[in-house]
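Work through the following exercises with the coordinates open beside you, and attempt each task before reading its solution.

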There are 2 protein chains.
Amino acid sequence: MNEFSRIETFLEAFSRRPSPAGPGDDAAVLPASGRVQVVTTDSLVEGVHFSRRTFRFSDVGHKALAVNLSDIAAMGARPTWALCALQLPEDVSTSDLRQLSSGMSALASAHGVSLVGGNVARSLQLSITVTLAGEIPKGRRPITRGGARPGHVVYVSGPLGSASAGLEALTDGKREVSKKGPVTVDKAWEALVLAQRTPSPHVRWGLEASRFVSAGIDVSDGLLADLGHVCVASGVGMALETGALPVLEALLSFAESEKLVHTHALTGGEDYVLAVTVPKTRAAAFERHMARLGHGAFPIGVVTKARELTVDGQRWRGGTGFQHFT
Amino acid sequence: MNEFSRIETFLEAFSRRPSPAGPGDDAAVLPASGRVQVVTTDSLVEGVHFSRRTFRFSDVGHKALAVNLSDIAAMGARPTWALCALQLPEDVSTSDLRQLSSGMSALASAHGVSLVGGNVARSLQLSITVTLAGEIPKGRRPITRGGARPGHVVYVSGPLGSASAGLEALTDGKREVSKKGPVTVDKAWEALVLAQRTPSPHVRWGLEASRFVSAGIDVSDGLLADLGHVCVASGVGMALETGALPVLEALLSFAESEKLVHTHALTGGEDYVLAVTVPKTRAAAFERHMARLGHGAFPIGVVTKARELTVDGQRWRGGTGFQHFT
């Protein structure tokens with residue numbers, strides 16, 4: 001299969017919405033837009049972010065777009081167009097590529113994202129780099145990390161620690177059930193595996209929350225690590241309560257102690273939920289607004305003047321949480 | 001070196017022009033623009049597009065941006081912002097990364113491109129994926145591949161075949177002169193090596209030509225292959241004359257026969273010059289305009305009604321030229 005037929009195979013699953021210049025030109029043409037735009041790029045690399053033993057090709061395609069959607073969601077933007085640069089080893093078959101493409105196109109379609117172009121290169125290691133753009137709705141401003149102030153309430157958009165527990169379930173041999181195709185796990189832990197393989201970025205949540213929030217970020221490196229970025233950018237600290245952290249039932253049954261549940265929730269990466277701060281005066285209206293739309297919004301702590309992250313009143317002694325904070 | 005310090009090292013060489021949200025947020029924020037935009041993405045992969053034996057890290061950084069600039073040039077657009085996704089093996093040192101960054105930032109600065117964001121991932125194989133955007137000047141339209149009509153004149157913006165000869169000079173052991181650092185070659189062939197390692201995309205040429213052209217493309221896969229794309233998109237053919245193909249003196253001294261000179265010029269890839277078609281009635285004005293600005297514009301043939309590419313009246317029998325055409 002040469003580069004051109006690989007491109008054709010990859011594109012088959014996507015609905016073609018030709019930009020003014022049509023597909024196949026040197027660059028995609030986008031109509032002028034009067035809106036503020038946001039752009040991000042993120043790569044998924046085999047052996048680093050996934051393995052073929054634990055991910056199906058459709059999962060890889062889904063996740064490569066999902067991690068970028070989460071960044072756009074964290075800015076309070078509506079995703080618009082994507083470019084996809086594939087690096088494909090020889091052993092990726094046409095069928096593998098179709099699955100990868102179908103995983104990505106289904107998620108793109110669900111979020112109204114147009115794939116406007118891309119590139120295919122040979123490589124030793126499978127990787128997918130997606131560039132994703134979004135636009136800020138009229139009258140709003142992008143959510144940034146720098147606006148948290150003492151007294152603001154800290155919220156997350158969904159359960160924490162699921163994806164890191166899901167990875168543990170997938171990679172820990174004891175939990176493996178089938179060897180035909182990618183690993184499967186005990187049914188009780190399926191929700192965790194789903195969170196690891198095919199995260200659902202909280203795009204609509206971010207768009208709605210952007211009316212209320214003072215700062216925000218997506219939880220990709222782990223809650224404490226990511227809230228640390230907000231603290232640094234805002235010049236504040238935060239006090240979190242473990243009792244308030246939302247977690248899945250499956251995590252409670254998976255983790256062998258309450259301490260391990262908290263470790264997953266506080267430091268596990270790749271949950272791709274959003275964490276935001278909301279001024280105290282707006283908190284009740286924010287909660288009502290989100291509840292009316294059926295979006296969860298879980299208060300987990302408050303912003304403090306003291307520039308440190310505390311968990312249940314204690315300065316966190318764990319690893320990853322503070323790596324980039326101090 | 002962790003991901004964050006690698007990002008910092010890479011960014012040092014670039015002048016920071018913080019977008020409204022400042023660097024370090026989940027996505028870069030771009031002010032609203034009333035102009036039509038074009039976007040493209042292209043990857044440079046070690047072992048496929050370059051090797052460390054024949055390229056310095058600064059060359060790699062330069063070329064990763066240059067190949068994208070050439071796509072933007074081919075659309076008749078002015079480059080604006082870039083994102084860069086790096087995949088770095090462990091053995092890439094801080095000094096290597098600084099060189100890569102300095103090669104890219106020098107070219108970015110020469111073309112007024114702002115690096116607005118990016119990503120660093122670990123990998124086994126070094127690769128650099130750049131996403132580049134441009135905007136179409138007010139009152140103009142993007143150059144596309146579909147507008148060539150019988151009788152239009154075919155032009156290229158500069159010498160052909162240099163980059164493929166340069167690659168041959170770099171990889172052919174007989175021509176190697178030094179083994180300290182990347183390969184060097186006979187001084188007479190330096191211009192060819194320069195074309196291979198650090199191509200100069202014809203951005204200003206494309207912007208000026210866009211006032212006159214009916215179709216255009218950049219020569220990345222080889223002249224015949226790329227003109228083949230224009231022929232297919234436009235539903236036409238072309239008749240080219242080898243006597244009219246612009247080549248460097250160095251190629252004449254490098255290639256062992258006139259036939260090899262023509263093979264490099266017709267099928268050698270990576271020259272990153274532009275090939276365009278201009279309506280016959282506009283050709284004289286086009287040539288005058290480009291000459292006044294000091295830009296070369298070399299007529300190499302005409303667009304024909306018959307849907308085939310001919311060279312000196314013969315249908316081309318060589319390889320790559322027709323691979324994607326028929």
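The exercises below concern a predicted model, and each task is followed by a stepwise solution.

**Exercise 1. The relation between the chains**

Task: Determine which rotation and which shift along its axis superpose chain B on chain A, and find the residue of chain B that comes closest to the rotation axis.

Solution: Begin with the superposition, in which a rotation of 180° with 0.0 Å of shift along its axis brings chain B onto chain A at an RMSD of 0.0 Å. The two copies are thus related as by a two-fold rotation axis. Then turn to the C-alpha positions of chain B, among which that of B:Gly34 comes closest to the axis, at 2.9 Å.

**Exercise 2. The contact between the chains**

Task: Describe how many residues each chain brings to the contact, and which strand of chain B gives the most to the side that touches chain A.

Solution: Start from the totals, which are 50 residues from chain B and 50 residues from chain A. On the side of chain B that touches chain A, the elements that each supply at least two residues include strand S1 (28-30), strand S2 (37-45), strand S3 (78-88) and H2 of chain B. S2(B) gives the most to this side, with eight residues. Sorted by residue class, the side of chain B divides into 24 nonpolar, 18 polar and eight charged residues. As a last step, look for strand pairing across the chains: S1(B) and strand S2 (residues 37-45) of chain A run antiparallel and are joined by three bridges, with B:Ala28 as the bridge partner of A:Val39.

**Exercise 3. The seven-stranded sheet**

Task: Establish the strand order of the open sheet of seven strands in chain B, and explain why one side of S7 and of S12 is left without a neighbour in the sheet.

Solution: Following the pairings across the sheet gives the order S7-S9-S6-S10-S8-S11-S12, and the pairing is mixed. Strand S7 (215-218) and strand S12 (314-315) of chain B stand at the edges and each have a single partner strand, so one side of each lacks a neighbour in the sheet. For an example of one pairing, take S8 (residues 237-240) and S10 (residues 298-304) of chain B, which pair in the antiparallel sense over four bridges; here B:Met238 has B:Val303 in S10(B) as its bridge partner.

**Exercise 4. The surroundings of a helix**

Task: Identify the buried residues of helix H5 (residues 190-197) of chain B, and name helices that cover them.

Solution: The buried residues of H5(B) are B:Leu192, B:Val193, B:Ala195, B:Gln196 and B:Arg197. Their cover includes helix H2 (57-74), helix H4 (162-171) and helix H8 (249-254) of chain B.

Technical notes:
Residues numbered from 1 in each chain as written. Chains lettered and ligands numbered in written order. Predicted model: local features only at pLDDT ≥ 70, side-chain atom pairs only at ≥ 80, totals over all residues. Buried ≥ 20, exposed ≤ 12 C-beta atoms within 10 Å, placed from the backbone. Contact = placed C-beta atoms within 7 Å. Pairing = 2+ DSSP bridges. Least-squares fit on C-alpha atoms with pLDDT ≥ 70 in both. Nonpolar A, V, L, I, M, F, W, Y, C, P; charged D, E, K, R; others polar.
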